[in-house]
Amino acid sequence: MAPDPWSSLMTGGAMPGVPNPWLFEEPEEARGLGFDEIQQQQQIIQERDAGLYALSSIISRQKQMGKEIGNELDEQNKIIDDFANLVENTERKLCTETRRVNMVDRKSTSCGMIMVILLLLVAIVVVAFWPTN
């Protein structure tokens, strides 16, 4: 049966193989410091923890904002892509209509229009000199 560590406290001596529960190893930061200094260090640690917690919440908010900005950019990119497709379609239609206008312009300067004008002029002259009785 294992020896009881509390009995060693009552007898005032340590039993072999049983650690004394009243003795614990101090952290290196606390060795040689008084009670007030240890409390001051604990307060500094608590302030640092509070600062880290605040920093953590700020970073979390910024992460969320970054995600929202990314989502908004994705939506804006889709809108821009749709707009670019509409512009390309309009540009193709404009090019087609420009070719048609150029073709009509070339035909209008051709001999066919001159012939039509001359025929109309002849018809006007004939109608003007036609006897009316």
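## A tour of a three-helix chain

Select Arg100 and Glu97 to begin: their side chains form a salt bridge, N to O at 3.1 Å. Here a salt bridge is a side-chain nitrogen of Lys or Arg within 4 Å of a carboxyl oxygen of Asp or Glu. By this rule the count is one. Both residues sit in helix H2 (residues 35–108), three residues apart, so about one helical turn separates them. Arg100 is partly exposed, at 47% relative accessible area. Glu97 is partly exposed too, at 41%. (Buried is under 20% relative accessible area, exposed is over 50%, and partly exposed lies in between, with a 1.4 Å probe and protein chains only.)

This is a predicted model, where local features need pLDDT of at least 70, side-chain atom pairs need 80 or more, and totals for chains, interfaces and linings use all residues. Numbering starts from 1 along each chain as its sequence is written, and side-chain values use heavy atoms, without hydrogens or water.

Now show the whole chain as a cartoon. The elements run α-α-α from the N terminus, with zero strands. Helices (H or I, at least four residues) and strands (E, at least two) are DSSP runs, numbered from the N terminus.

Next, colour by pLDDT, the predictor's confidence in each residue from 0 to 100. The chain's mean is 81, and 71% of residues reach 70 or more. Among the elements, H2 has the highest mean, 92, and helix H1 (residues 5–11) the lowest, 52. Where pLDDT is low, predicted coordinates should not be read in detail.

Go to helix H3 (residues 111–129) and pick Met115. Met115 is partly exposed, at 43% relative accessibility. Add Ile114, Leu118, Leu121, Val125 and Phe129: with Met115 they make a nonpolar surface patch of about 610 Å².

Last, turn on the surface. The chain exposes about 12,500 Å², 64% of it from carbon and sulfur atoms. Of its 133 residues, 2% count as buried.

Methods
Areas by Shrake-Rupley, 256 points an atom, 1.4 Å probe, with all protein chains shown as cover. Patch = residues over 30% accessible without salt bridge, like charges linked within 9 Å, V, L, I, M, F, W, Y side chains within 5 Å.
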